[in-house]
Amino acid sequence: MNIVALSKRLYSSRFHDLRSLNDALSKTVFTSGPPILGRSFHNLRKAGSFFVVPRVLFVSRNLSTNVSSSKQPAFLRWYLRKLESHPFVTKSVTTSLIYMAADLTSQMITMQPSGSYDLIRTARMASFGLVFLGPSQHLWFSYLSRILPNRDVLTTFKKIMMGQALFGPFSNTVFYSYNAALQGENSEEILARLKRDLLPTLRNGLMYWPLCDFVTFKYVPVHLQPLMNSSCAYIWTIYLTYMANQTKAES
């Protein structure tokens with residue numbers, strides 16, 4: 001049956017109710033064979049031709065998407081829109097805020113009763129998340145998802161091993177060097193700090209990060225992986241900022 005005949009049938013008096021219309025559409029579209037599924041689909045897009053079935057299908061799909069998204073909290077919908085429109089900036093600012101909160105928590109835990117918050121130290125931590133860690137996480141997770149797109153257990157362990165062997169040592173080295181440089185330490189003092197603090201940090205990270213990375217790589221969408229990683233880093237950064245703000249190492 002061609003498109004013209006189908007259009008005449010649709011507008012004939014035989015289709016006096018919705019049920020008979022659905023029956024006719026089902027029989028025509030799904031039992032007409034290759035002409036309606038092949039060549040005629042191109043004709044469906046032309047002006048004046050039959051366009052009911054595609055519109056119904058697309059509208060129902062959009063409605064289901066809108067209904068599911070409307071159930072999300074307003075802040076989450078706003079955040080996901082920002083991730084889609086400005087992923088680089090959004091992830092950087094998010095990481096900066098998490099580092100700032102982690103440092104304030106670390107100071108609160110270790111603060112003496114008569115002490116006060118070191119806001120300059122907090123600014124250093126926040127700037128590290130904004131300038132380095134947020135952008136580097138965005139690039140790192142995008143890169144891993146491109147070269148290892150699968151989510152099976154073996155691929156997930158490959159990503160974990162790459163993170164522990166490459167990204168972890170690199171980011172921690174930059175973190176200690178960046179923080180020490182902002183405190184006025186010279187190159188020899190920075191090197192001594194790395195010799196003292198980097199290896200224990202990496203060793204402790206082996207007991208914490210693999211589980212976080214497994215959940216991140218196995219179950220979290222790529223565009224949300226930096227957020228998940230930074231959320232795990234909240235607890236880790238409490239320890240990390242404490243280590244980074246110890247006294248100078250002897251060179």
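In the predicted model, the N-terminal end of helix H10 is capped by Asn-186, a side-chain oxygen of which lies 3.2 Å from the backbone nitrogen of Glu-188. Helix H10 itself comprises residues 187–205, 19 residues in total. The distance from its first C-alpha to its last is 25 Å, close to the 27 Å expected at 1.5 Å a residue. The helix carries a kink of about 35° at Asp-197, shortly before the proline Pro-200.

Asp-197 is also among the buried residues of H10. The others in this group are Glu-189, Ile-190, Ala-192, Arg-193, Leu-194, Leu-198, Thr-201 and Gly-205. An α-helix has 3.6 residues a turn, so residues three or four places apart point the same way. The buried residues of H10 pack against three helices, namely H9 (153–182), H11 (209–219) and H12 (225–244).

These packing partners recur in the description of the open space in the model. The largest pocket has a volume of about 380 Å³. Its lining consists of 25 residues, of which Phe-167, Gly-168, Ser-171, Asn-172 and Trp-209 are the closest to its centre. Two or more lining residues are contributed by each of H8, H9, H10, H11 and H12. The most is given by H9, with eight residues.

Enclosed space was examined as well. Rolling a probe the size of a water molecule over the atoms shows where empty space is left. The count comes to one cavity of 30 Å³ or more, and the largest cavity has a volume of about 40 Å³. The lining of the largest cavity is formed by Tyr-79, Leu-83, Lys-91, Thr-94, Thr-95, His-223, Leu-224, Pro-226, Leu-227 and Ser-230. Helix H6 (74–85), helix H7 (87–110) and H12 are the elements that give two or more residues to this lining. H12 thus appears in the lining of the largest cavity and also in that of the largest pocket.

Contacts around Arg-121 and Tyr-242 were then considered. Arg-121 is placed in helix H8 (residues 119–147). Arg-121 counts as buried because its relative accessibility is 10%, the cut-off for burial being under 20%. Its side chain makes a polar contact with the side chain of Ser-106, at 3.3 Å. When neighbours within four places in sequence are left aside, Arg-121 is in contact with Asp-103, Ser-106, Gln-107, Thr-241, Tyr-242 and Asn-245.

Tyr-242, one of these contacts of Arg-121, is found in helix H12. With a relative accessibility of 43%, Tyr-242 counts as partly exposed, because this class lies between the limits of 20% and 50%. Residues up to four places away in sequence not being counted, Tyr-242 touches Ser-106, Thr-110 and Arg-121. Tyr-242 and Ser-106 are 136 residues apart along the chain, yet their C-alpha atoms are separated by 6.6 Å. Ser-106 is therefore a contact of Arg-121 and is likewise touched by Tyr-242, as the cut-off of 4.5 Å between heavy atoms is met in each case.

For the protein as a whole, 12 helices and zero strands are assigned, so that the elements run α-α-α-α-α-α-α-α-α-α-α-α from the N terminus on, helices and strands being taken from DSSP runs. Of the 251 residues in the protein, 37% are buried. Among contacts with a separation of 6 or more, 71% are accounted for by residues 24 or more positions apart.

Key. Residues numbered from 1 in each chain as written. Predicted model: local features only at pLDDT ≥ 70, side-chain atom pairs only at ≥ 80, totals over all residues. Heavy atoms only, no water. Helix = DSSP H or I, 4+ residues; strand = E, 2+ residues; numbered from the N terminus. Expected span 1.5 Å × (residues − 1). Bend = angle between axes of the 7 residues up to and from the residue. Buried < 20%, exposed > 50% of the residue type's maximum accessible area, 1.4 Å probe, protein only. Polar contact = N/O pair within 3.5 Å; in protein donor to acceptor, adjacent residues only side chain to side chain. 1 Å grid on protein atoms, 1.4 Å probe; cavity = no way out; pocket = protein on both sides within 12 Å on 5 of 7 lines; lining within 4 Å. Points joined across faces, edges and corners; volume = space filled by probe spheres on them.
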